[in-house]
Amino acid sequence: MNRAPRDQGLVREIGTFGLAASIINGVIGAGIFVVPAAMSAGAGASAPLAFLCCAILMAGVVICFAEGGRRIATSGGPYGYIDAAFGPFAGFLAGTLLWVGDVLACGGVVAALADAISTELPQRLATVARPILIITALSSVAAINASGVAWGTRFVGAATLIKLLPLLVFIAVGMFSLHSAHLSVTSAPSAHGFGRAVILGVYAFTGMEIALAASGEVRQPSRTIPRALAIAMLFVTLLYVAIQFIAQGMLGAALASSSAPLADAMGRVNPALRTLLLVGTGFSMFAWLGSDLLGSPRILFAFGRDGLLPARLGRVHPRTHAPHIAIFAYGAIAAVLALTGTFAELAVLATLTTSTLYLAGCAAVWALSRREGPAGAAVWLTAAPVAGIVGMLFVIGLASSVEIGGLLAMIAISALAYWLRYMAYVRRSEVRS
C-alpha cells in the first residue's frame, strides 16, 4: 500500500511547553473531578496509595513512549513506531486502537459536558439543548484546530492553565481543612476493591497518546518529546495524589458516595467554592476536547497518507497546513457517539483499548532497540518495556470477560478491515500491471 511520507505538508510548531501542556490537558480531563469518589469506594483511605500504584504501572509505558517518540516522531504517535517495529498490519491495528479509544473517550466526555449543562436547564429545554450543546462544542473546537496547529496549541496552553485553577484552589484550601481521623486506614481494602480502584486510576492517567499523535508537528522531537512527557506525567502524579489525599481528609467515609466529591468538599468550606469547582468541571471537559481534537485526528490523517483509509483524510489545508478533513471527520464520529451514548458506557472500553495500545507501544520500543544490537539494548530499554507490558496485562486482566470480549471483537473487525483494504490494493495493482 501507499507509504508516502505521512508528515508532508505539516509544520513543526509545537515546543516543549506546548506539548507538555497538551499532555497535561489530555490526561487531566473531567475524570479527576469525580474519580476520587470511586477510588475511595474501592480502596477506602488507601486510595492515594492506589494512585501511586497506577503511576508505577504507567512509568514503564511513559519511558517507552518517550523513547519511541524520540526515535520516530511522526503523525499518529505510537502508531508510527509500532508500524516501524512490526510492519503495516500491526501499525494499522495499533492506530485503530488509538483513534477508536480516543474517539470513545471524546464522545463520552462531550456527552458528560452536555449532560452537566442541560441538567441545569428546565426539563422542557434539556432534551433539545443536549444535542445542540454536543454539536456546538465539537464543531467550535474542531474549527479552532482546523485553523492551524499554532492556534490549536495556543488554545490548549491557555485552557490548561485556566482549567488547573479550580484544582489548585482545591488543594490550597483543602490543606487547611483536613481531619486527621479521616486519613487513618482502619482496615485493608479487599483485593477486588483495590483492583477496581487501580483500573479507575489508570483511566485517569491515560491521554498522553492523544498529544503524541501530533508528533509530526513537534520541534526538535528527540529532545522535546521526552522532556515534555517527563514534566507532564510527574506533575499529573503529584496533583492526583494530593487531590485524593485532600478529598479523603475533608470528606472521610462520605467521599465514597459523593457524586461531585471535589465540589462537595469545597461546599463544606464555602458555597461559592463549590460553584467554582462545578464550573471548573465543565470547563475541564471543554478544554480536554481541545487537546483531543489537536492530536487524535492526526491518526486518521496518517492512515489516509498511508493508504489505509480514504486518501481525503490525508490532505492538509493549503493555507493553514492543518489536516482539516481528518479533524472534522473525527469530530463527526465523536458527535454520533455522544448523541447515542454516555460517559459511563464508553469509558471502560476506551480504557481497555488504550491499555492494549500501551502494551503494543512498549513491545515496539523493545523491538526497535534490539535491532540496533548491543548499542540499543541498554538495560533500561529492556526493563521499561517489560514493566509496561506486565502492567498493562495486569490492568486488562482486571476487566470482566464481557469487556475483554468486546476488545477482542474490535481487534478482529480491525484485522478484517485491513485485509479487505489490502485485497483491494492487490486487485488494483494487478489491473495496472
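**Close-up views of a predicted helical chain**

**View 1. Leu289 and its partners within the nonpolar core.** Setting aside residues up to four places away in sequence, Leu289 touches Cys106, Val109, Val110, Leu113, Ala137, Leu138 and Val141. The model shown here is predicted, and in it Leu289 is listed together with Phe170 and Leu229 as the residues with the most contacts inside the largest nonpolar core, which has 124 residues. Helix H5 gives the most to this core, contributing 17 residues.

**View 2. The whole chain, as context for the close-ups.** The protein chain contains 17 helices and 0 strands, and buried residues make up 55% of its 433 residues. Of the contacts with a separation of 6 or more, 84% are accounted for by residues 24 or more positions apart. The chain exposes about 17300 Å², of which carbon and sulfur atoms supply 70%. The mean pLDDT of the chain is 81, with 89% of the residues reaching 70 or more; among the elements, helix H14 (residues 324–340) has the highest mean pLDDT, 92, and helix H9 (residues 208–212) the lowest, 72.

**View 3. Leu313 in the loop between H13 and H14.** Leu313 lies in the loop that runs between helix H13 (297–305) and H14, and with a relative accessible area of 12% Leu313 counts as buried, because this value is under the 20% cut-off. Not counting residues up to four places away in sequence, Leu313 touches Leu300, Phe301, Gly304, Ile325, Ala326 and Ala329. The C-alpha atom of Leu313 is separated by 9.6 Å from that of Ile299, a residue 14 places away along the chain.

**View 4. Helix H4 and the glycine that follows.** Helix H4 (residues 78–86) is mostly covered, since 7 of its 9 residues are buried. These buried residues are Pro78, Tyr79, Gly80, Tyr81, Ile82, Asp83 and Ala85. Just after H4, Gly87 adopts a positive phi of about 100°.

**View 5. A nonpolar surface patch that includes Ile117.** Ile117, Leu121 and Leu125 form a nonpolar patch on the surface, and together these residues have about 220 Å² of accessible area. Ile117 belongs to helix H5 (residues 88–118), the helix that also gives the most to the largest nonpolar core. With a relative accessible area of 37%, Ile117 is classed as partly exposed, because this value lies between the 20% limit for buried and the 50% limit for exposed residues.

Definitions and conventions: Residues numbered from 1 in each chain as written. Predicted model: local features only at pLDDT ≥ 70, side-chain atom pairs only at ≥ 80, totals over all residues. Heavy atoms only, no water. pLDDT = per-residue confidence, 0-100. Helix = DSSP H or I, 4+ residues; strand = E, 2+ residues; numbered from the N terminus. Patch = residues over 30% accessible without salt bridge, like charges linked within 9 Å, V, L, I, M, F, W, Y side chains within 5 Å. Areas by Shrake-Rupley, 256 points an atom, 1.4 Å probe, with all protein chains shown as cover. Salt bridge = Lys/Arg side-chain N within 4 Å of Asp/Glu carboxyl O. Buried < 20%, exposed > 50% of the residue type's maximum accessible area, 1.4 Å probe, protein only. Contact = heavy atoms within 4.5 Å. Core = buried A, V, L, I, M, F, W, Y, C linked by side-chain atoms within 4.5 Å.
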